[in-house]
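Reader: I am a first-year student, and I would like a close look at a single part of this structure, its buried interior. Please take me through it step by step.

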Amino acid sequence: MCAADRPLPLLVVADAGARLVRRGLVAPGDAARWQGARVAVFRRGPVVCELPAARVDAPSRAPYLPRDSQPARAHPVCHPGARRFAPRMTLALYNTLTRRVEPFQPLAPPRVTLYTCGPTVWNYAHLGNFRTFLFEDLLRRYLEASGYDVFHIMNLTDVDDRTIKAARAAGTTLRRHTEPFVRAFFEDRDYLRLRPAHVHPRATESVPAMIVLVRRLLDRGVAYQGDDGSVYFAIDRFPGYGRLSRLDRREIKVGARVASDEYAKEDPRDFALWKKAGPDDDAVGAAWDAPFGRGRPGWHLECSAMSLYEIGTRFGVETLDIHAGGVDLIFPHHEDEIAQSEAATGRPFARWWLHGEFLNVRGTKMSKRFGNFLAARDLREQGVDAAAVRLLFWQTHYRKPLDFTDEALAAAGEGVKRLGDFRSRLVGEGGRERGEGRLAELAAEFEADFRAALDDDLNAPQACAALFQLAHAGNRALDAGAGGAAAAVAALDRAMAVLDVLPTPRTAEPDLARWIEAQVAARERARKSKDFKEADRIREALLARGVELEDTPTGTKWRVV
Ligand SMILES: [Zn+2]
């Protein structure tokens, strides 16, 4: 997420805690946790009426940027060989905007445009950030497995208050400071098996789009230049403000600690779109010239500008199908993104808003502030299999807080191993038999349960339960010599395209690899001369050494399990 630890403005949000809990947006304990985080102060009070849906007059039909400013590129196909379920459009997702689980229907099926707020690369992303990214990975993979053509955008926030402060403290430039953290993020992403986004726009490389957006908001009269030279969004001129977070505008008041620049605004609740450059900004290379003065973008503006630019130039639309992030981004980040985007385009900014809950350590949200920070790379350095981390996260629904403990991680590691062993047994059997049998029946039952679970707002815990039920019943069927193993392997692999929780294959020593290659070649010769008995004997011998074979159209592949 863009801002797991971002110090939000100190706000007094009357009554919000109770209402957020009542509406199911946060669990009862969480409002109190936010309070502890000094993000917002909640107090009890009567429910205040909700705001009307956001609309501004005179909707624009113009694309966000001139189409010729960047030729529309072909949508890259990410996984051309990925096995998919038969296309089904039965998915329902919880939409924070409506507080309901709704049948998912993208704007132009099968295309789904997905924007996920990416990391702020001032430091390493922590495991709490990665819980959000993993929930988004599950969403992305299940959409793809369901036959949708997903275009995934994840930004990199490489200019904001924290990156500038960190670069200044290190005595270097923004670029030099953030670059290693960008690389580290991609390494962590690959370690945790997250499918790479189709584009990772960087804020510092997207400033022209941000300037265009500010210009548009100024032209429409919903933004103004303050006495301090910064440009602010006037929330009073956007009637829909508060619709996502369901905070009444009257409730949003600036607290006692008022920053000096608040006096430059017309209304203390307004937020900065463009911050006038200060000496620190120029010193680290975080200032750009704009028609409304030299400065830098506000964090909220970055996401609006980058997402609108990507979908506008590629697909000629100004509405995302899905915008996702952590639950702590609902207010003010996503609320402000909606305000900026819809005030500029006159169209809904995103059809579905999905938010993942926090990762807790010892009952507290993981963050540097609370001293319970754990980076993804810490786990990798400890030799933890990413499959175990994924399984652990899947075993709690993305809208429920998850407690991370060593015991839970160890248990997930055992689960992953059980699944790997089960698949190896199936592969061993599947090489011999082709027919139907009990295993094929179990596989069909499993797939129905698996899809039903994920169709229901990505109920991964239930999908995992179905998976372990398959392994349990499947092992018993194997003991009894049942047929249908090939069908079970196929079903398992389709599920793995979504959950991806099989153990990471171990690499073989060079001597062992040479021996395996020789055995595979001998088996191939035996198969060609129709000596299937010998071919099976070699397969068994390899399996006994922990080597699994898979016959594919491009030849036999092996892996050490
Ligand atoms: Zn964002």
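Author: Let us start with the word we need: a residue is buried if its relative accessible area is under 20%, and exposed if that value is over 50%. Keep in mind that this is a predicted model. With that cut-off, we can begin with two rings inside the protein: Phe446 and Phe450 are each buried. They sit four residues apart in helix H13 (residues 438-455), which means that about one helical turn separates them.

How do we describe such a couple of rings? A pair of aromatic rings is described by two quantities, the distance of the centres and the angle of the planes. In the whole model, 15 aromatic pairs are counted. One of them joins Phe233 to Phe238: the centres are 6.2 Å apart and the planes make 70 degrees, an edge-to-face arrangement. Phe233 and Phe238 are buried too. Now back to the couple in helix H13: the ring centres of Phe446 and Phe450 are 5.3 Å apart with the planes at 45 degrees, so this pair is tilted. Rings can also join up in a group, as with Phe130, Phe133, Phe185 and Phe186, which ring pairs link into a cluster.

Next, step back to the nonpolar interior. The largest nonpolar core has 88 residues, and the members that touch the most others are Ile322, Phe393 and Phe404. Helix H14 (residues 460-479) gives this core its largest share, eleven residues. There is also a second, separate core, made of 58 residues, with Cys117, Val222, Ile235 and Phe271 among them. Pick Ile322 if you want to see contacts reaching along the sequence: beyond its neighbours within four places, its partners include Leu93, Phe104, Val112, Tyr115, Leu143, Trp352 and Leu354.

Val112 and Tyr115 fall in strand E5 (residues 111-116), which pairs with strand E6 in the parallel sense over six bridges. Across from Arg111 in this pairing you will find Asp149 of E6. Strand E6 (residues 149-154) is mostly covered, with five of its six residues buried. As you look along a strand, it helps to remember that in a regular strand the side chains alternate between the two faces of the sheet.

Cys117, a member of the second core, leads us to a metal. The zinc ion has the protein donors Cys117 (SG), Cys303 (SG) and His333 (NE2), at 2.1 to 2.2 Å. Along the sequence, these donor residues follow the spacing C-x185-C-x29-H. Cys303 belongs to helix H8 (residues 299-315) and His333 to helix H9 (residues 330-345); the two are 30 residues apart, so the pair links distant parts of the chain. Are these two buried or exposed? Cys303 has a relative accessibility of 0% and therefore counts as buried. His333 counts as buried because its value is 1%.

Loops can be covered as well, and here is one to try. Leu192 is found in the loop between helix H5 (174-191) and helix H6 (207-219). Its relative accessible area is 0%, so Leu192 is buried. Which residues does Leu192 touch, once those up to four places away in sequence are set aside? They are Phe130, Leu134, Ala376, Ala386, Val389 and Arg390. Look at Ala386 in that list: it is 194 residues from Leu192 in sequence, yet the two C-alpha atoms are 5.2 Å apart in space.

Arg193 lies in the loop between H5 and H6 as well. Is this arginine buried or exposed? It is buried, because its relative accessible area is 15%, and the cut-off for buried is under 20%. Apart from neighbours within four places in sequence, Arg193 is in contact with residues including Asp137, Asp385, Ala386, Arg390, Asp500 and Thr504. Ala386 and Arg390 thus appear among the contacts of Leu192 and among those of Arg193.

To finish, two arginines sit over rings. Arg399 lies over the face of Tyr94, 3.8 Å from the ring centre. The charged end of Arg545 is placed over the ring of Trp515, at 4.4 Å from its centre.

Terms used
Residues are numbered from 1 along each chain as its sequence is written. This is a predicted model: local features need pLDDT of at least 70, side-chain atom pairs count only at pLDDT 80 or more; totals for chains, interfaces and linings use all residues. Side-chain values use heavy atoms; hydrogens and water are left out. A nonpolar core is a set of buried Ala, Val, Leu, Ile, Met, Phe, Trp, Tyr and Cys residues joined through side-chain atoms within 4.5 Å. Buried means under 20% relative accessible area, exposed over 50%, partly exposed in between (1.4 Å probe, protein chains only). Contact means heavy atoms within 4.5 Å. Donors are N, O and S atoms within 2.8 Å of the metal (3.2 Å for Na, K and Ca); water is not among the atoms, so sites may look incomplete. Rings of Phe, Tyr and Trp (its six-membered ring) pair if their centres lie within 6.5 Å; planes under 30 degrees apart count as stacked, over 60 as edge-to-face and the rest as tilted. A charge sits over a ring if NZ of Lys or CZ of Arg is within 6 Å of the ring centre and within 35 degrees of the ring normal. Two strands pair if DSSP finds at least two bridges between them.
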